[in-house]
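Biologist: Could you take me through one part of this model up close, and then show me how the rest fits around that part? I'd like one connected answer rather than a list.

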Amino acid sequence: MKKLILIIVLIAIKFSGLGQTQTTIIQNGTLHIGNGEVIENGVLVMENGKITFVGNTLKTLYKNAQVVDAKGKHIYPGLIAMNTILGLNEIDAVRATRDYSETGMFNPNVRSLIAYNTDSKILPTATFNGILYAQAVPMGGIISGSSSLMKTQAWNWEDAAIAIDEGVHINWPSLHLSPYSSEDAEKQLKRTEETISKIEAFFVAAQQYEQAIQPEFNARMHAMKNILNGQQTLYIHAEEAKGILNAVNFFKSKFPAVKIALVGATESYLIIDFLKENKVPVILSTLHALPYKKADDVDQPFKTPAQLMAAGIKVILSKEGSWEARNLPFIAGTAAAYGLTKEQALQCITLNAAEVLGVDAKIGSLEKGKDASLVICEGDILDMRTNVISSAYICGEAINLENEQVKLAKKYKGKYGF
Amino acid sequence: MQAQNGFPLNGPPDKRVQLIAFVHANIQATPNQLFKDATLIVKDGKIEAIQSNDAVIPKGAKIINLNGRFIYPSFIDVFSSYGLNQEKEAKLRSYQQYENNKPGAYAWNDAIHLDRKSVEIFEFEEKKSEQYLASGFGLTLSILPDGIFRGSGVLVLTGKGPAHQLILNSEAATGLSFDKGSSRQDYPGSAMGVVALIRQTYYDANYYTLKKEEVNLSFENFQKHKALPIVFETENKYAALRAAKIGKEFGLSYILKTKGDDYQRIDEIKSTGCQFIIPINFPKPFDVQDPFDAERINLADLKHWEMAPANPAILNAKGIPFAITASGTTNADDFLNNLRKAVKYGLSKEAALTSLTLSPAKMLNIANKVGTLQKGMMANFFISSNDLFEPNAEILDHYTNGNKNAVKAWNNQNMEGVYELDLPELGLVKLAIKNNNTLESYLWTKDTVKVNLTYKSNSLSANIATHKNSDKLIRLEFWVSNTNASQQVTAFNGIAWNSDGVTKSFKGKLITDTPSSKLNKNEDSSVVIGKVLYPFSEFGSNQQPTQNSYLFKGATLWTNEKEGILKDMDVLVSNGKIIAIGKDLKLENAIVVDCKGKHLTNGIIDEHSHIGIYKGVNECTQNITAEVRIGDVINPEDINIYRQLSGGVIACQQLHGSCNPIGGQSSIIKLRWGLGAEDMKFKEAVGFIKFALGENVKQSNWGNETSRYPQTRMGVEQVYYDAFLRAKEYEKKIKENPSLTRRDLELETLVEILNKKRFISCHSYVQSEINMLMKVGDSIGFKVNTFTHILEGYKVADKMKAHGANASTFADWWAYKYEVIDAIPQNAAILNQMGIVTAVNSDDAEMGRRLNQEAAKMVKYGNISEEDAWKMVTLNPAIMLHIDKFTGSIKIGKQADLVLWSDNPLSVYAKAEMTLIDGICYYSIEKDYALRSAIKLERERIIQKMILAKQKGEKTTKHVSAPDIDYHCDTVEEY
């Protein structure tokens with residue numbers, strides 16, 4: 001452990017955020033590409049922030065290259081944590097530190113990246129476990145705002161952003177009665193119908209705004225343009241099968257140009273064929289969660305990814321929240337214990353995410369031409385025992401793996417003379 | 001009807017002779033004694049005789065010929081609020097109300113109404129009277145259903161009259177419940193708080209009778225009321241068992257009013273030795289039309305719909321004494337139909353009648369006066385058109401104290417039969433009258449038309465369409481013009497209003513006295529109900545699991561002993577214990593489990609859990625609630641118990657929440673899924689209690705302004721000093737004078753801590769407060785057994801070591817509130833390295849079922865050995881819970897609490913394949929798969945049955961089952 005800390009300190013000094021200057025060759029390690037492939041004893045070359053070679057044996061000679069011996073270690077693409085409030089929230093219970101939920105019901109125009117705090121104390125703890133990218137997602141209301149994909153280490157939000165306003169988030173109402181409501185069934189159902197009509201009215205108005213000649217400026221409508229034409233993804237947050245069916249059918253029939261993805265989707269396992277037919281990617285967020293219903297199989301949350309993936313549905317694994325997101329690799333690990341292969345599980349937190357985010361040409365796998373954003377791990381990144389990140393690179397540049405928690409541990413270990 | 005004694009009268013009094021002979025009656029004198037075609041003689045409010053029809057009828061008796069109708073003794077409802085129609089005052093709730101706002105020298109808590117006498121507000125209540133009389137109830141025990149201690153109830157007649165004459169016993173019983181009712185006072189804020197309040201109140205009231213230091217009007221009648229029966233309202237089977245346990249402590253046998261789910265725990269219900277009052281408001285089928293909606297209904301709710309009607313029969317079969325109440329039924333039809341349903345589901349008619357007459361009479365010690373029809377008994381009875389258990393039997397007249405209350409107009413003459421009427425416009429038509437009392441009828445002209453007949457003031461009236469689909473009507477008024485010797489009507493005379501408005505007389509005559517059976521519906525008489533599940537929930541079994549001998553062969557053994565991790569070992573389990581560890585072990589009849597490539601460990605023990613707790617994990621309402629006990633409110637049906645088993649958990653400490661500096665007593669349970677609340681308890685475990693520090697105690701994150709002391713960490717310290725110093729004084733006092741010292745359940749608990757009979761688990765975060773509590777403990781003379789959460793423990797590990805505290809922490813939680821900004825995942829490792837017994841806990845049902853993963857994180861963050869990490873969720877929590885003598889490691893003689901893992905238990909890929917507690921397999925993947933398909937089959941069977949019931953015309957209700965609440969430390973609910 002002491003040795004590891006030493007390395008971290010060295011890297012900490014080196015990190016500039018100004019881009020890679022020296023070619024780096026990582027060799028002798030196991031390369032987990034992110035698309036399902038594995039190269040044992042592989043070589044990977046990073047030049048000018050890009051991956052320029054991935055393979056078994058090096059064919060070119062590099063002068064002045066830094067060589068990293070990764071013997072016995074594993075190299076992974078930087079993990080992508082979708083569906084988080086990383087950077088938007090510091091301490092759950094302290095209101096002043098919460099920046100993810102704007103007031104109002106329809107807020108497609110608010111943008112999460114603006115609030116993304118690159119100096120959050122939480123971000124380095126996510127990096128510590130291999131997460132190099134986070135989708136900062138606004139919450140609340142019906143349409144919460146737009147999300148962006150951010151680096152977990154950068155000088156400011158502008159530098160951190162790699163996919164700006166890539167999607168807008170909508171919370172679909174539950175179509176079931178609440179066991180807690182004091183209102184009778186009829187009233188509850190009526191309210192749900194009303195909410196759905198409000199959503200429809202909003203989308204119709206946005207279409208009219210788009211088609212109108214010089215309409216009076218409307219920030220909310222204006223922000224809907226790229227949703228309506230499918231350039232941005234509409235992330236539909238819904239947990240229950242009935243709500244998912246309702247939402248997907250709603251957009252397919254009324255606004256077919258809208259590009260949709262599902263978030264949460266706890267009950268997606270009940271409607272696998274439907275999701276497959278409609279080619280909807282699913283960002284699961286309740287794997288480390290209790291089964292939704294008492295009758296559910298005890299391991300239902302764990303095996304849902306495998307069930308969806310077996311049907312050919314694109315699955316992404318996520319963990320809502322901020323500090324909780326650091327457990328993302330272990331969520332994938334659990335999915336691997338329940339039906340996925342380890343490489344499939346890895347794909348769910350790397351390449352599949354990059355594809356949904358529209359950045360798969362740049363990140364998500366260890367392939368030639370992509371950004372050199374990767375981590376070197378002492379062992380299996382998906383297992384808690386061996387998820388020890390010895391170094392990490394964003395665009396070829398080694399990043400700082402130090403965090404406040406490590407510092408505090410060191411300080412007090414010092415007190416006791418360990 | 002007489003006037004009240006001594007009341008001035010406006011005119012001469014009108015006192016009449018009361019002597020009636022009901023002849024040709026079928027008299028159900030007692031539940032098992034039916035006099036067929038006999039005579040009942042009633043005189044001056046009493047039963048004079050039951051005699052044969054040949055016997056002489058006393059001279060001057062009014063004779064009523066019942067023509068084969070039935071007479072039953074009036075039913076007695078011992079769970080009623082009849083006649084207590086008190087407008088509930090809307091009490092405004094002030095935020096955080098600590099004191100009783102009621103004026104006067106009463107008990108401190110507004111849910112205690114020991115002083116209340118329901119008789120004081122009793123009066124005749126017309127609408128409800130009608131409903132009771134029509135349901136068969138002539139007497140009720142009425143208690144105002146408000147509050148925990150409800151005071152005394154009044155025994156009354158439900159018939160008409162001035163209150164003076166309806167009251168049979170102004171204080172016939174007392175009432176209790178777990179519901180604080182209209183009280184707006186905060187305390188009690190949980191089910192366990194209610195139990196504590198009841199217990200403390202008994203002690204206080206008893207003490208008051210011994211030593212009157214001051215006046216307390218609430219307790220004045222306590223001694224006098226002690227001899228009365230006590231009706232205790234409970235909301236479900238476990239609440240009933242909880243009540244019975246309180247009764248046992250105080251030598252009281254309650255009459256327990258339940259929800260009607262007794263069959264789900266029938267053996268425990270029986271073993272209480274109590275008498276029961278059960279409702280028969282059986283649930284309606286749910287609307288399950290939409291399959292996704294149907295998914296939201298729990299198996300327990302589905303099954304209860306099917307099984308509830310069998311509850312009375314099951315109680316009866318077990319020989320449990322019970323009374324049936326009308327409470328919960330909406331009208332007389334509803335009650336009587338459900339009563340018949342109970343009979344259809346196996347309750348004998350005799351038992352049904354017993355539960356409505358004799359049993360309630362015995363409960364109230366009035367069986368010598370009411371409940372049966374014998375000479376000298378009160379003349380409380382009703383006349384039924386038929387055997388009451390026949391589907392369309394109706395109650396006609398109800399006599400209370402010999403006074404007639406007409407329930408349904410009826411004609412002594414028998415009108416059933418087919419008549420030929422000679423009507424203008426239509427000519428000869430046939431009128432069939434079926435069912436004398438409801439006057440269901442058919443009329444044949446050329447077409448068959450259904451007619452609604454009304455019988456009023458000895459006249460019948462009807463409107464008849466001139467032919468089918470016609471909107472022209474002939475309107476009739478007619479009356480009996482002749483009857484034969486057996487009271488059969490043979491002719492009518494009447495007037496008809498033609499459709500042109502002209503009136504004309506008409507006649508009708510009997511053709512045959514056996515009307516067509518066209519109206520008879522064929523009732524489906526087969527009754528199928530599923531089996532009771534233990535627990536009554538998803539993943540429950542038809543039978544309780546049994547103990548077996550097991551031979552685990554060739555496992556990698558995590559002993560948690562000095563032997564460490566051993567490869568390829570056998571373990572023998574017999575009679576719940578580990579009896580041998582070694583190679584090539586053998587035992588006859590043992591189930592052999594091949595463990596090749598698998599890992600066998602002691603099961604996980606969660607030091608900090610809130611699963612399996614009923615109605616409130618926090619008694620938040622005072623800063624010290626040491627008197628409340630989680631052990632009183634164990635919910636053995638929480639599905640999360642099963643889910644923990646699937647994650648290899650065998651035991652946990654059910655902790656009180658972190659709402660107050662001194663919280664409630666915890667309960668240590670083994671996850672014996674399927675057993676009852678008491679059987680879950682870890683029998684050998686000592687007492688524990690929850691303390692808490694920091695933001696939750698200060699109510700920092702409550703949103704609103706709060707006023708409860710303490711609001712700062714400064715105040716928290718003072719709460720402890722004050723409490724323990726008072727506890728010391730209390731101990732001294734009670735030692736000096738045990739009989740004349742008020743027993744104080746709160747201080748008594750603190751004394752247990754001082755005497756090392758109870759141990760502290762203290763919720764804690766920042767170093768200052770951790771240090772503080774240790775200093776308070778050192779100066780007063782107690783030790784903090786465990787600091788739980790203890791996220792800044794690493795900062796004061798040296799001090800904790802010196803104090804002798806253990807630590808139970810989260811693996812990696814942080815940043816959820818201000819006081820955890822310095823929480824680090826290296827905490828457990830540092831504490832461990834300092835030699836402090838350290839555990840990793842859950843505080844969360846989700847995390848609880850993968851605590852093996854949480855332990856594994858200690859390897860990553862803290863770089864500790866796998867063996868040490870594993871001990872953090874097994875042996876170490878056992879040590880700090882003082883149960884390591886019995887469990888926590890694999891050692892000969894210890895309880896066989898074993899888990900078989902598919903892989904290294906710390907691996908993210910490991911699954912618990914089998915979980916044993918006391919050598920009993922409570923979970924295995926194999927069993928789990930069988931249960932999964934059983935759940936699907938059973939749900940589908942009942943759902944289809946419900947749809948059928950709906951198609952048959954039964955009314956349905958929309959229903960969503962509430963999920964089991966997943967409690968955390970800081971969960972606060974309205975109680």
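What follows is a close look at one helix, and then at the surroundings of that helix.

Biologist: Let's pick helix α10 of chain A, residues 328-337. Which of the residues in α10(A) are buried, and what covers them?

Modeller: Sure, and keep in mind that this is a predicted model. Ten of the ten residues of α10(A) are buried, so the helix is largely enclosed by the rest of the structure. By name, they are A:Leu328, A:Pro329, A:Phe330, A:Ile331, A:Ala332, A:Gly333, A:Thr334, A:Ala335, A:Ala336 and A:Ala337. The cover over them includes β6 (79-84), β7 (131-136), α9 (300-310), β13 (315-317) and α11 (342-347) of chain A, and also α22 (851-862) from chain B. Past the helix comes A:Gly339, with a positive phi near 120°.

That helix from the other chain is a good lead into the contact between the chains. Here 53 residues of chain B meet 43 residues of chain A. On the chain B side, the elements supplying at least two residues each are α7 (291-294), α13 (639-645), α19 (797-803), α20 (827-833), α21 (845-848), α22 and α25 (925-951). Of these, α22(B) gives the most, with five residues. As for character, that side of chain B splits into 24 nonpolar, eleven polar and 18 charged residues.

Now back to chain A. The domain assignment divides chain A into domain 1 (1-78 + 364-418) and domain 2 (79-362). The centres of the two domains, taken over C-alpha atoms, are separated by 29 Å. Where they touch, 31 residues of domain 1 are in contact with 35 residues of domain 2. On the domain 1 side, β5 (74-77), β14 (374-377), β15 (389-394) and α13 (404-416) of chain A each give two or more residues. The largest share comes from β15(A), with three residues. That side of domain 1 divides into 13 nonpolar, 13 polar and five charged residues.

One more oddity in chain A: A:Asp165 has a positive phi of about 50° although it is not a glycine. A:Asp165 is found in strand β9 (residues 161-171) of chain A, and is buried, with 20 other C-beta atoms within 10 Å.

As for the partner, chain B has 25 helices and 41 strands, and its C-alpha trace spans about 110 × 70 × 55 Å along the principal axes. Of its 975 residues, 53% count as buried. One piece to look at is an open, mixed sheet of eight strands, ordered β6-β7-β8-β9-β10-β11-β12-β13 in chain B. At the edges stand β6 (75-80) and β13 (322-325) of chain B, each with a single partner strand, so one side of each has no neighbour in the sheet. Neighbouring strands here are turned by 30° against each other on average, direction ignored. Inside the sheet, β7 (residues 137-142) and β8 (residues 149-157) of chain B run antiparallel and are joined by four bridges; B:Leu141 has B:Leu155 in β8(B) as its bridge partner.

Chain B has some backbone details too. The peptide bond from B:Tyr187 to B:Pro188 is cis, with omega near -5°, and B:Pro188 is found in the loop between β9 (167-177) and α3 (191-210) of chain B. Also cis is the bond from B:Tyr709 to B:Pro710, with omega near 0°.

Key: Residues are numbered from 1 along each chain as its sequence is written. Chains are lettered from A and ligands numbered from 1 in the order in which they are written. This is a predicted model: local features need pLDDT of at least 70, side-chain atom pairs count only at pLDDT 80 or more; totals for chains, interfaces and linings use all residues. A residue is buried if 20 or more other C-beta atoms lie within 10 Å of its own, exposed if 12 or fewer, and partly exposed in between; C-beta atoms are placed from the backbone. Two residues are in contact if their C-beta atoms, placed from the backbone, lie within 7 Å. Ala, Val, Leu, Ile, Met, Phe, Trp, Tyr, Cys and Pro count as nonpolar, Asp, Glu, Lys and Arg as charged, and the others, Gly among them, as polar. Two strands pair if DSSP finds at least two bridges between them. Axes are lines fitted to C-alpha atoms, for helices over the stretch in contact, and angles run from 0 to 180 degrees between N-to-C directions. Domain bounds come from an automatic or database domain assignment.
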